[in-house]
Amino acid sequence: MPAATAARETDSLPDRIVDVVVIGGGAAGLNGALMLARSRRSVVVIDSGTPRNAPAEAMHGFIVLDGTPPGEILERGRAQVRDYGGRVVPGEVVSAAPAPPSPTGDVRFTIALADGRTITARRVLVATGLRDVLPEVPGLAEHWGRSVVHCPYCHGWEVRDEPIGVLATTSMSVHQALLFRQLTEDLVYFTRGAELDESTRERFTARGIRIVDTPVEEVVTGEDGGITGVRLADGQVVPRRVLAVATTMQARTEGLAGLQLPMEDLPDGMGRRFASGPAGTTEVPGVWVAGNATDPTAQVGPAAAAGALAGANINADLAAADADTALTAAQSTTA
């Protein structure tokens with residue numbers, strides 16, 4: 001089959017009830033879909049095409065794939081899901097809700113896309129990821145994913161030995177500063193009005209971390225397009241080439257209200273996530289969650305692993321339901 005024809009077929013929604021719809025085409029969603037497709041389940045991935053790590057030049061911290069561009073990893077993942085008969089459909093989910101159950105009482109769900117298409121599935125895996133909310137500092141957002149970073153394990157090696165600044169946002173910023181200090185001798189901590197107890201100040205001083213209490217006015221961009229410093233309220237510019245920021249992490253919930261998935265706040269004002277149990281199970285029968293939507297700190301490797309575990313758990317649940325249906329049919333035939 002020509003590649004163009006195959007791509008068109010895998011980009012279309014089937015006109016039948018499928019075993020699983022995966023909402024989200026990142027590492028968690030694709031790995032969950034891979035496990036399901038390899039188990040000969042009919043699976044459709046709805047991919048909005050807006051991964052969290054899109055601004056990053058490369059993915060790090062995952063053995064073998066370290067240094068690979070995120071887009072390349074996702075493209076290879078889509079191809080592998082398709083190779084096993086799964087479908088990857090570009091689209092934006094605008095509603096997802098329970099549908100009338102099957103004749104045997106098994107749960108079902110209807111998912112609607114922004115372009116008006118709909119699909120019904122027996123099970124749903126939510127792998128929508130999260131949105132990083134940056135503090136409202138002028139000039140900061142335009143450098144996100146390049147000179148503005150959040151994770152020392154994702155970006156730290158690439159910014160080693162640079163003059164780094166940490167913009168305080170939550171209590172996690174103190175922990176973040178200690179981690180980034182491992183990567184550079186030149187680290188400045190901007191408190192931005194946050195309380196910093198005397199014990200922490202002493203620890204920072206002992207580690208050679210300079211503390212700036214003057215309010216931050218803006219991030220200064222140089223002629224090369226990169227960060228050159230942080231302007232303070234008193235007009236002083238503190239030279240910096242990299243800024244580390246602990247973002248507020250919000251699970252992507254758009255279009256999912258109808259599923260009535262429970263959510264919970266993260267500690268220390270870090271954000272909000274979908275609540276989940278072992279293998280991504282939720283309080284809603286037939287719905288699982290995986291990846292950053294429920295584990296905001298997971299990197300690509302753990303997110304993919306969580307997707308695989310959820311996919312296997314969904315397959316087991318479907319296998320049990322199939323056996324129940326078969327038994328009911330057999331008993332009605334012999335009755």
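The legends below describe close-up views of a predicted model. Local features need pLDDT of at least 70, side-chain atom pairs count only at pLDDT 80 or more, and totals for chains, interfaces and linings use all residues. Residues are numbered from 1 along each chain as its sequence is written, and side-chain values use heavy atoms, with hydrogens and water left out.

**View 1. Helix 7, residues 300–334.** Helices (H or I, at least four residues) and strands (E, at least two) are DSSP runs, numbered from the N terminus. The end C-alpha atoms of helix 7 are 51 Å apart, which agrees with the 51 Å expected for 35 residues at 1.5 Å a residue; the expected span is 1.5 Å times one less than the number of residues. Among the buried residues (under 20% relative accessible area, 1.4 Å probe, protein chains only) of helix 7 are V300, G307, I314 and A321. Its buried residues pack against strand 1 (18–23), helix 2 (27–38), strand 6 (118–126) and strand 19 (287–289).

**View 2. The largest nonpolar core, with 25 residues.** Such a core is a set of buried Ala, Val, Leu, Ile, Met, Phe, Trp, Tyr and Cys residues joined through side-chain atoms within 4.5 Å. V21, I111 and V126 have the most contacts inside this core. Strand 6 gives the largest share, 4 residues.

**View 3. The surroundings of R273 in strand 18 (residues 271–274).** R273 is buried, with a relative accessible area of 17%. Its side chain joins that of E264 in a polar contact of 2.2 Å. A polar atom of the R273 side chain also lies 2.7 Å from the backbone oxygen of T294.

How values were computed: Buried < 20%, exposed > 50% of the residue type's maximum accessible area, 1.4 Å probe, protein only. Contact = heavy atoms within 4.5 Å. Polar contact = N/O pair within 3.5 Å; in protein donor to acceptor, adjacent residues only side chain to side chain.
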